[in-house]
Amino acid sequence: MKKKRTITGITVSVAAAQMRSRPSMAAAADAVADMIARAARRGARFLVTPEMILTGYHGRFDQAERDRLVDGVIRPACARCGVALILGAGSYRDARGRPVRKPRIQVTVIDRDGRVIGWHDKTIPTGGDLKWCSRGEPRRLRVFRTGGLT
């Protein structure tokens, strides 16, 4: 779904990916890359994916594989298509990049040139989430700007 909004005189198309989970992170990364290309073909400049779509909704993922897929599949797709992305994924690093014992429910913010410009950790996880993940720190939330968007 795509929505056009006028923000300070600029018309922006934003896409939201409705996706089902995949059996592996590699399959999920390929599906996200496909959604990035689809959003670009439809004129979107920004795409938002579901929470935890890359790693799955659990804490049993490999951080190194997650990072390789972001760097090798997803970031290049953003750069190739010129689409900024808010990617839902777990991480065993906090929003400052420091290792954490229990993973965080996190979004990675990637600009349209394929650069990671920041992360946000979920600060109010549900009781069910807290059985396997840790809470983010509200004071670490930041505002990011990319391509004229805030």
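## Close-ups of salt bridges in a predicted model

**View 1. K122 and E51 pair up in a salt bridge, with 3.3 Å between their closest N and O atoms.** The model shown here, as in every view below, is predicted. This contact brings together distant parts of the chain, since its two residues are 71 residues apart. K122 belongs to the segment after β6 (116-121), while E51 sits in the loop between β3 (46-48) and α2 (63-81). Both ends are partly exposed: K122 has a relative accessibility of 21%, and E51 has 38%. K122 is not counted as buried because that class is reserved for values under 20%.

**View 2. R66 and D67 meet through their side chains in a salt bridge.** Look for the N to O distance of 3.0 Å here. Both partners are buried: R66 has just 4% relative accessibility, and D67 has a relative accessible area of 17%.

**View 3. Helix α2 holds a salt bridge between R75 and D71.** The closest N and O atoms of this pair are 2.9 Å apart. With their positions 4 residues apart in the numbering, R75 and D71 are separated by about one turn of the helix. R75 is partly exposed at 26% relative accessible area, and D71 is also partly exposed, at 42% relative accessibility.

**View 4. D94, R98, E137 and R139 form one network.** Here, salt bridges with shared partners do the joining. To put these views in context, a search of the whole structure finds 11 salt bridges.

Note on methods
Residues numbered from 1 in each chain as written. Predicted model: local features only at pLDDT ≥ 70, side-chain atom pairs only at ≥ 80, totals over all residues. Heavy atoms only, no water. Salt bridge = Lys/Arg side-chain N within 4 Å of Asp/Glu carboxyl O. Buried < 20%, exposed > 50% of the residue type's maximum accessible area, 1.4 Å probe, protein only.
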